[in-house]
Amino acid sequence: RLPNNVNFCFKGQDSEFLVIKLDTLGFAVSAASACHALSLENSSYVIEALGGEGCGGSSLRFTFGRDTKKSDLDKLFVALKNIVK
């Protein structure tokens, strides 16, 4: 487990759609868990087990770096609020 890596489930949302929408806004996120990143499937059995039914295909992985600022997170939260309704 890395302290700068977090995975959130957005039940009812398609993770690939969220990745594309966030990418157009300048955010780089992943729709797969690290242990599932090379799979062609959209759903992760690991995330499904951790988050419950419906999380496997609706979760996003965020990795933050040393240069990540609070203002970057604020922008991300606003973008997510506008995309996930």
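**Exercise 1. Place Lys75 in the fold and classify its exposure**.

Step 1. Lys75 is found in helix H3. The model is a predicted one.
Step 2. Read off the accessibility: Lys75 has a relative value of 54%. Exposed means over 50%. Lys75 therefore counts as exposed.
Step 3. Look for a sequence-distant partner. Leu25 lies 50 residues from Lys75 along the chain. Their C-alpha atoms are separated by 9.7 Å.

**Exercise 2. Describe the overall layout of the chain**.

Step 1. Count the elements: there are 3 helices and 2 strands.
Step 2. Order them along the sequence. The pattern is β-α-α-β-α.
Step 3. Check burial. Of the 85 residues in the chain, 29% are buried.
Step 4. Check the surface. The chain exposes about 5900 Å², and 58% of this area comes from carbon and sulfur atoms.
Step 5. Check the range of the contacts. Take those between residues at least 6 apart in sequence; 71% of them join residues at least 24 apart.

**Exercise 3. Find the aromatic pairs and classify each by its geometry**.

Step 1. Count the pairs: there are 2.
Step 2. Take Phe8 and Phe62. Their ring centres are 5.9 Å apart and their planes meet at 65°. Over 60 degrees counts as edge-to-face, so this pair is edge-to-face.
Step 3. Locate the two residues. Phe8 sits in strand E1 (residues 5-9), and Phe62 sits in strand E2. The pair therefore ties together parts that are 54 residues apart in sequence.
Step 4. Take Phe62 and Phe64. The ring centres lie 6.3 Å apart, with the planes at 5°. Planes under 30 degrees apart count as stacked, so this pair is stacked.
Step 5. Join the results. Ring pairs link Phe8, Phe62 and Phe64 into a cluster.
Step 6. Add the accessibility. Phe62 is buried at 4%. Phe8, at 41%, is partly exposed. Phe64 is also partly exposed, at 25%.

**Exercise 4. Which residues have the most contacts inside the largest nonpolar core, and which elements each supply at least two of its residues**?

Step 1. Size the core: it has 13 residues.
Step 2. Name the residues with the most contacts inside the core. They are Phe10, Leu22, Val29, Leu60, Phe62, Leu76 and Leu80.
Step 3. Assign the elements. Helix H1 (15-24), strand E2 and helix H3 (70-83) each supply at least two residues.
Step 4. Find the largest share. H3 gives 4 residues to this core.
Step 5. Follow one member, Leu60. Set aside its neighbours within four places in sequence. The remaining contacts of Leu60 include Val6, Phe8, Phe10, Leu18, Leu22, Val29 and Leu80. Polar residues also touch Leu60, among them Asn7, Ser15 and Ser30.

**Exercise 5. Is Ser59 buried or exposed, and which side chain does its own side chain join in a polar contact**?

Step 1. Place the residue. Ser59 belongs to strand E2 (residues 59-63).
Step 2. Test burial. The relative accessible area of Ser59 is 1%. The limit for buried is under 20%, so Ser59 is buried.
Step 3. Find the partner. The side chains of Ser59 and Asn7 are joined by a polar contact of 3.4 Å.
Step 4. Connect this with Exercise 4. Asn7 is also among the contacts of Leu60.

Key: Residues numbered from 1 in each chain as written. Predicted model: local features only at pLDDT ≥ 70, side-chain atom pairs only at ≥ 80, totals over all residues. Heavy atoms only, no water. Buried < 20%, exposed > 50% of the residue type's maximum accessible area, 1.4 Å probe, protein only. Contact = heavy atoms within 4.5 Å. Areas by Shrake-Rupley, 256 points an atom, 1.4 Å probe, with all protein chains shown as cover. Polar contact = N/O pair within 3.5 Å; in protein donor to acceptor, adjacent residues only side chain to side chain. Phe/Tyr/Trp six-rings, centres within 6.5 Å; stacked < 30°, edge-to-face > 60°. Core = buried A, V, L, I, M, F, W, Y, C linked by side-chain atoms within 4.5 Å.
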